[in-house]
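Here are my notes on the model, as numbered points. Have the structure open while you read.

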Amino acid sequence: MPNFDAFNNNEIEVELITLSGVQAVKATEGMTVKEFKEANNLVGTKIIDDDSNLLRDTDTIEEGMQLYVSTPKKNG
């Protein structure tokens, strides 16, 4: 019997590129950047796509995206 639950799986995979390296991260189809940041402990960072566009919190994550994380500069 086929697993029909697998057809409803809305998980997608994106590449998260940080200073510490590249990691494949699971996200949910239609997830906003804000939800993605909260789910991956990235609150307070900037997310940039592979075309160097700064993503806003309301933008959505799509299958196969490469996301670059930019941490804010700290004074001191």
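**Notes on strands, charges and one aspartate**

1. Let's start with Lys37, which counts as buried at 11% relative accessibility. Here buried means under 20% relative accessible area, exposed means over 50%, and partly exposed is in between, using a 1.4 Å probe and protein chains only. Before going on, keep in mind that this is a predicted model, where local features need pLDDT of at least 70, side-chain atom pairs count only at pLDDT 80 or more, and totals for chains, interfaces and linings use all residues. Residues are numbered from 1 along each chain as its sequence is written, and side-chain values use heavy atoms, with hydrogens and water left out.

2. What does Lys37 form a salt bridge with? The partner is Asp57, with the closest N and O atoms 3.4 Å apart. Lys37 lies in helix 1 (residues 33-39) and Asp57 in the loop between strand 3 and strand 4, so the pair ties together parts that are 20 residues apart in sequence. Asp57 is partly exposed, at 37% relative accessibility. For the record, a salt bridge is a side-chain nitrogen of Lys or Arg within 4 Å of a carboxyl oxygen of Asp or Glu. Helices (H or I, at least four residues) and strands (E, at least two) are DSSP runs, numbered from the N terminus.

3. By that rule the count comes to two salt bridges. Glu13 forms one with Lys26, and here the closest N and O atoms are 3.2 Å apart. Since Glu13 sits in strand 1 and Lys26 in strand 2, the pair ties together parts that are 13 residues apart in sequence. Glu13 is partly exposed at 38% relative accessibility, and Lys26 is exposed at 52%.

4. Now the strands. Strand 1 (residues 11-18) and strand 2 pair in the antiparallel sense over eight bridges, where pairing requires that DSSP finds at least two bridges between two strands. They form a hairpin with two residues between them. Leu16 stands opposite Gln23 in strand 2. Gln23 is partly exposed, with a relative accessible area of 44%. Leaving aside neighbours within four places in sequence, Gln23 is in contact (heavy atoms within 4.5 Å) with Val14, Glu15 and Leu16.

5. Which strands does strand 4 pair with, and in which sense? With strand 1 the sense is parallel, over three bridges; with strand 3 it is antiparallel, also over three bridges. On the strand 1 side, Leu16 stands opposite Leu67 and Ile17 opposite Tyr68. On the strand 3 side, Ile47 stands opposite Val69.

6. Side chains alternate along strand 4: Leu67 and Val69 point to one face and are buried, whereas Gln66, Tyr68 and Ser70 point to the other and are not.

7. Last, have a look at Asp49, in the loop between strand 3 (46-48) and strand 4 (66-70). Asp49 is buried yet has no salt bridge, and the nearest side chain of opposite charge, Arg56, is 10.0 Å away. In that count Lys and Arg are positive and Asp and Glu negative, with His and the chain ends not counted. The side chain of Asp49 does reach the backbone nitrogen of Asp51, at 3.0 Å. Setting aside residues up to four places away in sequence, Asp49 touches Leu55, Met65, Gln66 and Tyr68.

Conventions:
A polar contact is a pair of N or O atoms within 3.5 Å; within protein, one must be able to donate a hydrogen and the other to accept it, and residues adjacent in sequence count only if both atoms are side-chain atoms.
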